[in-house]
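Hi there,

Here is the structure I promised to pass on. Have a look at it first, and my notes follow below.

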Amino acid sequence: PDPTQAALYQAVLENPDDDLPRLVYADYLDEHGDPARAEFIRLQCHVAATNPWDEGHADALVRSEVLYQRHK
């Protein structure tokens with residue numbers, strides 16, 4: 001990976017309880033040709049931040065599983 005991607009990924013690893021580095025990394029991935037991975041990260045953040053009964057939670061969970069299975 002390029003140095004920017006490596007630094008963003010390192011920030012994710014160093015801040016496991018903070019979604020901001022993940023979302024910045026997702027933006028980077030989107031801008032650099034990996035939209036499926038970016039979407040997966042955003043969906044996982046959404047699922048983690050919402051309750052099962054919240055609107056959109058179940059859809060995000062299903063979509064993230066589809067992306068995971070397709071792009072393992």
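For residue classes, Ala, Val, Leu, Ile, Met, Phe, Trp, Tyr, Cys and Pro count as nonpolar, Asp, Glu, Lys and Arg as charged, and the others, Gly among them, as polar. This is a predicted model, where local features need pLDDT of at least 70 and side-chain atom pairs count only at pLDDT 80 or more, while totals for chains, interfaces and linings use all residues. Residues are numbered from 1 along each chain as its sequence is written, and side-chain values use heavy atoms, with hydrogens and water left out.

The fold comes to four helices and zero strands (DSSP runs, H or I of at least four residues for helices and E of at least two for strands, numbered from the N terminus). The pattern along the sequence is α-α-α-α, and the C-alpha atoms fill a box of roughly 40 × 25 × 20 Å along the principal axes.

Now the pocket. On a 1 Å grid over the protein atoms alone, a pocket is an open set of points where a 1.4 Å probe fits, with protein on both sides within 12 Å along at least five of seven lines; lining residues have an atom within 4 Å of a point. The largest one has a volume of about 150 Å³ (the space filled by probe spheres set on the points, which are joined across faces, edges and corners). Its lining consists of Tyr9, Val12, Leu13, Arg22, Tyr25, Arg37, Phe40, Ile41 and Gln44. Helix 1 (3-14), helix 2 (19-31) and helix 3 (35-49) each give two or more residues to this lining, and helix 3 has the largest share, with four. By class, the lining holds six nonpolar, one polar and two charged residues.

Helix 3 also packs against helix 4 (residues 57-71), at an angle of about 145° and with the axes 9 Å apart (lines fitted to C-alpha atoms over the stretch in contact, with angles from 0 to 180 degrees between N-to-C directions). Among the residues that meet (heavy atoms within 4.5 Å) are Phe40, Leu43 and Val47 in helix 3 and Leu61, Leu67 and Tyr68 in helix 4. That contact divides into eight nonpolar, five polar and two charged residues.

Finally, there are three salt bridges (a side-chain nitrogen of Lys or Arg within 4 Å of a carboxyl oxygen of Asp or Glu). One of them joins Asp27 and Arg42, at 2.7 Å from N to O. Asp27 lies in helix 2 and Arg42 in helix 3, so this pair ties together parts 15 residues apart in sequence.

Best wishes
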